6 protein chains.
Amino acid sequence: MPYVHMQLTREGVTVEQKEWLIKGVTDLLVQVLNKNPATTFVVIEEVETDNWGIAGMTMTKYRRQEQASAQNSMN
Amino acid sequence: MPYVHMQLTREGVTVEQKEWLIKGVTDLLVQVLNKNPATTFVVIEEVETDNWGIAGMTMTKYRRQEQASAQNSMN
Amino acid sequence: MPYVHMQLTREGVTVEQKEWLIKGVTDLLVQVLNKNPATTFVVIEEVETDNWGIAGMTMTKYRRQEQASAQNSMN
Amino acid sequence: MPYVHMQLTREGVTVEQKEWLIKGVTDLLVQVLNKNPATTFVVIEEVETDNWGIAGMTMTKYRRQEQASAQNSMN
Amino acid sequence: MPYVHMQLTREGVTVEQKEWLIKGVTDLLVQVLNKNPATTFVVIEEVETDNWGIAGMTMTKYRRQEQASAQNSMN
Amino acid sequence: MPYVHMQLTREGVTVEQKEWLIKGVTDLLVQVLNKNPATTFVVIEEVETDNWGIAGMTMTKYRRQEQASAQNSMN
């Protein structure tokens, strides 16, 4: 009876991708631990990039830095 | 000083039902463990049915299957 | 299909008390939201008092202060 | 590689305050435990006051009581 | 930068199975959402069967009922 | 009334370090959001390195790779 909680930044995850994630994690738990899918929960939580911190800054700023450095390396 | 986190699918839970859940869980912790209500937290999180997986599919699909099989059994 | 997570300080909760909490929360979700007990999860997590903070200090210290002030008020 | 989850009531937290919280928690983990900021996650979750319970009631009601008692003490 | 939390009952999960779960979930997030494995966290929490509730009872009792009904069906 | 959950790998965090973390996070919430320390919870969870995944492997393996590469760079 596993419970899986996935936290992702809200950056345009589609319903099809959510279905794929839920199917994939459930199948994995069946394969590895022989769990019963009927009582396997997978909860996906999408978090605004302003509310997710990494490296001491918001993901909003982090993404901007990634793009700036990607552009610099192309020049 | 307990902390309780309830995750539910977002399917029209009313403010009155939330008040009932919060009151009920708090009373339970007072009865069973003599906890102090003033420092008992209950956090309710409502999750979209596309973001909740059970039996390897989203709750959106799961609910549709339940309705289809309920209708079939009536025919 | 609710999921409930209860965090409590580890201070001698018995198996009977856990059974009572699990039964009580499940019954509440049936009464208030007509949820199906077969897919209602309740996970109890017991946390060491050194790992639980309140009012800027560990629960270990907080309990000691409570006891000291209770003794003072008796003198 | 710490993961920090902060749950707050949704009462007008600004982007600047979120940046300050993320920076503050990350710095703290570097100072106290020498953690690497590049793999330190801080996730802020804002919860509606109707969904947060304390003292057996919603925060919506709790705030109203606080204001009422503050006004009474001024009269 | 996803964070995945898996809660399982503590029923003899081996280190090899944990490695398989961590690898499997990380690969899934790379395939479905093109996430960076270097900043993908998977935290596995094993919960005592006395602390996990389903159908209003502890998993300890639930497992005993499953075994009893399996034995009955063999007779 | 904030609730903060910190997940760390179990690698010898002392009681003094836990007290420092609890004090630090509580002070931060007072400074940034004027929260009341009396109703601020900080829960620290220490996770075995076999149960924490990063980059598709357990932290146990990850730490071993870090040490091996540190030793190689010294030769």
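How much area is buried between chain B and chain C, and what share of it do carbon and sulfur atoms give?

1. **Size of the B–C contact.** This is a predicted model. About 2,400 Å² is buried between chain B and chain C, and carbon and sulfur atoms give 73% of that area. On the chain B side, B:Met1, B:Leu28 and B:Val32 lose the most area to chain C. Together they make up 26% of what that side buries.

2. **Residues involved.** Chain B brings 29 residues to the contact, and chain C brings 29 residues.

3. **Polar and charged links.** There are 2 salt bridges between chain B and chain C. One salt bridge joins the side chains of B:Lys35 and C:Glu11, at 3.9 Å from N to O. Polar contact links 5 residue pairs across this interface, counting residues at pLDDT 80 or more.

4. **Elements on the chain B side.** Strand S1 (3-9), helix H1 (15-33), strand S3 (52-54) and helix H2 (59-74) each supply at least two residues to the side of chain B that touches chain C. H1(B) gives the most, with 10 residues. By class, that side of chain B holds 18 nonpolar, 7 polar and 4 charged residues.

5. **Strand pairing.** S1(B) and strand S1 (residues 3-9) of chain C run antiparallel, joined by 5 bridges. Within this pairing, B:Gln7 stands opposite C:Tyr3.

6. **Chains A and E.** A turn of 180° with a shift of 0.0 Å along the axis lays chain A on chain E, at an RMSD of 0.0 Å. The two copies are therefore related as by a two-fold rotation axis. A:His5 has the chain A C-alpha nearest the axis, 2.5 Å from it. Of the interface residues of chain A, 100% are also interface residues in chain E, so the copies meet through the same surface.

How values were computed:
Residues are numbered from 1 along each chain as its sequence is written. Chains are lettered from A and ligands numbered from 1 in the order in which they are written. This is a predicted model: local features need pLDDT of at least 70, side-chain atom pairs count only at pLDDT 80 or more; totals for chains, interfaces and linings use all residues. Side-chain values use heavy atoms; hydrogens and water are left out. Copies are superposed by least squares on the C-alpha atoms of residues with pLDDT of at least 70 in both. Contact means heavy atoms within 4.5 Å. Buried area is the accessible area (1.4 Å probe) that two parts lose on being put together, summed over both. A salt bridge is a side-chain nitrogen of Lys or Arg within 4 Å of a carboxyl oxygen of Asp or Glu. A polar contact is a pair of N or O atoms within 3.5 Å; within protein, one must be able to donate a hydrogen and the other to accept it, and residues adjacent in sequence count only if both atoms are side-chain atoms. Helices (H or I, at least four residues) and strands (E, at least two) are DSSP runs, numbered from the N terminus. Ala, Val, Leu, Ile, Met, Phe, Trp, Tyr, Cys and Pro count as nonpolar, Asp, Glu, Lys and Arg as charged, and the others, Gly among them, as polar. Two strands pair if DSSP finds at least two bridges between them.
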